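Subject: Structure handover

Hi,

Here is the structure I promised to pass on. Please open it next to this email and follow along residue by residue.

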Amino acid sequence: MDRQHFYAMMNGSGEFDYELYLNTQALFSCQKNFEAFSNRDELQFQIVHQVEELWMKLIAYTLLDIDDYLQQENTNRVVTLFRRVHLTLRLMTEQLGLLETMSPKEYQEIRLQLGHGSGQESPGFRVLLKMPHPIWESFQKYYLDNHELSVEKIYNSEYAHSDAYVVAESLAEFDELFQKFRYHHLQLIHRSIGLGAKSLKGRSVELLENGLRVQFFPELWEIRNQMTDQWGAQYGVKRDSIGDH
Ligand code: HEM
């Protein structure tokens with residue numbers, strides 16, 4: 001096939017309303033020119049990272065809306081928007097697998113193009129790390145404190161599958177999906193450059209394992225431990241087998 005012909009077609013004319021509304025000319029200029037790629041995997045490398053940044057922009061924007069609706073105690077809106085956030089996080093994680101279609105050697109060629117660039121500089125990731133704290137404060141003020149509730153009450157002693165409980169589970173799911181993204185990203189590094197290698201910043205990628213231990217909403221995980229200890233105390237730490245009765 002005539003590559004130049006198809007390259008031109010991929011960029012489109014930019015004249016149709018569809019192209020104008022989506023700003024496809026600008027969008028396609030965000031990738032290197034076809035002839036500038038270091039190899040044939042680099043287009044997918046750039047696109048996956050760019051799409052991930054766009055998904056993080058959408059998540060951050062949606063979390064701002066969620067915070068507004070938390071303050072209005074508009075649970076239906078909060079839950080629907082969290083569904084959008086959760087689906088987007090799942091997409092982000094799933095998409096990492098695309099990069100596993102690239103051989104370790106071809107990635108090394110691309111890696112030479114990255115300068116000092118590192119995922120730690122990702123604007124999307126950096127803003128997302130800042131948002132869970134204010135989201136938790138809004139949840140605590142409007143769903144718990146204002147109703148004289150606590151995490152313990154909504155999960156255990158006054159459990160009624162209430163709005164506060166449903167919103168808390170949406171928060172827990174966000175935390176869990178973020179962890180899953182981090183875990184799959186670590187697996188991707190394992191697959192492409194190895195886990196023992198130094199990063200472009202000169203630090204060991206094993207530092208990323210600390211990220212796996214980060215919990216945005218530790219209270220929501222601790223309540224599970226407390227409940228298991230408390231309920232388990234009824235039969236002691238070691239349970240009798242069902243067959244003993
Ligand atoms: C072959 C693909 C990839 C490799 C080999 C890779 C490698 C790495 C390494 C070594 C780090 C450690 C930080 C440092 O550079 O010092 C890192 C951090 C990071 N990477 Fe990747 N990465 C890849 C793809 C991606 C993709 C597709 C994303 C999409 C968002 C991403 C997002 C991040 C983020 C957000 C961090 C910072 C994590 C934190 O601070 O907890 N990476 N990456």
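Start at Glu73. Its relative accessible area is 31%, so Glu73 counts as partly exposed: buried would need under 20%, and exposed over 50%. Keep in mind that this is a predicted model. Glu73 sits in the loop between helix 4 and helix 5, and helix 5 covers residues 75-96. Look at its backbone too. Phi of Glu73 is near 55°, which is a positive value in a residue other than glycine.

Glu148 also has a positive phi, near 50°, and is likewise not a glycine. Where is the place of Glu148? Find the loop between helix 8 (132-144) and helix 9 (151-157). Glu148 is exposed, because its relative accessible area of 65% is over the 50% cut-off.

Now the salt bridges. The count comes to five. Here are three to look up.

Arg90 and Glu173
- The two side chains meet in a salt bridge, at 3.0 Å from N to O.
- Arg90 belongs to helix 5, and Glu173 to helix 10 (residues 163-192).
- The pair links distant parts of the chain, 83 residues apart.
- Arg90 is partly exposed at 40% relative accessibility.
- Glu173 is partly exposed too, with a relative accessible area of 29%.

Glu100 and Arg191
- This salt bridge has an N to O distance of 3.2 Å.
- Glu100 lies in the loop between helix 5 and helix 6 (104-111), while Arg191 lies in helix 10, so the pair ties together parts that are 91 residues apart in sequence.
- Glu100 is partly exposed, with a relative accessible area of 29%.
- Arg191 is exposed, with 52%. That value is over 50%, so Arg191 passes the cut-off for exposed.

Glu176 and Lys180
- Their side chains form a salt bridge at 3.2 Å, N to O.
- How many residues apart are Glu176 and Lys180 in helix 10? They are four residues apart, so about one helical turn separates them.
- Glu176 is partly exposed, with a relative accessible area of 36%.
- Lys180 is partly exposed, with 41%.

Stay on Glu176 for a moment. This residue of helix 10 can be compared with His86. In sequence, Glu176 and His86 are 90 residues apart. In space, their C-alpha atoms are 9.7 Å apart.

Next, go to Leu128 in helix 7, which runs over residues 123-130. Is Leu128 buried or exposed? Its relative accessibility is 1%, which is under 20%, so Leu128 counts as buried. Then find Ser118. Leu128 and Ser118 are 10 residues apart along the chain. Their C-alpha atoms are separated by 16 Å.

Now turn to the second largest pocket. It holds about 410 Å³ of space. Its lining is made by 17 residues. Which of them are the closest to its centre? They are Leu27, Phe28, Gln31, Ile47 and Gln50. Three elements give two or more residues to this lining: helix 1, helix 3 (24-28) and helix 4 (42-71). The largest share comes from helix 4, with five residues. By class, the lining of this pocket has 10 nonpolar, six polar and one charged residues.

Last stop: the surface. Met1, Phe6, Met9 and Met10 make a nonpolar patch of about 510 Å² there. Take Met10 as your example. Met10 lies in helix 1, which spans residues 3-11. Its relative accessible area is 46%, so Met10 is partly exposed. Residues in a patch need over 30% relative accessible area, so Met10 passes that cut-off.

If you have little time, check these places:
- the loop with Glu73, where phi is near 55° and the residue is partly exposed;
- the salt bridge between Arg90 and Glu173, with its 83 residues of separation;
- Leu128, buried at 1% relative accessibility;
- the second largest pocket, with its 17 lining residues.

Best wishes

Note on methods
Residues numbered from 1 in each chain as written. Predicted model: local features only at pLDDT ≥ 70, side-chain atom pairs only at ≥ 80, totals over all residues. Heavy atoms only, no water. Patch = residues over 30% accessible without salt bridge, like charges linked within 9 Å, V, L, I, M, F, W, Y side chains within 5 Å. Areas by Shrake-Rupley, 256 points an atom, 1.4 Å probe, with all protein chains shown as cover. Salt bridge = Lys/Arg side-chain N within 4 Å of Asp/Glu carboxyl O. Buried < 20%, exposed > 50% of the residue type's maximum accessible area, 1.4 Å probe, protein only. 1 Å grid on protein atoms, 1.4 Å probe; cavity = no way out; pocket = protein on both sides within 12 Å on 5 of 7 lines; lining within 4 Å. Points joined across faces, edges and corners; volume = space filled by probe spheres on them. Nonpolar A, V, L, I, M, F, W, Y, C, P; charged D, E, K, R; others polar.
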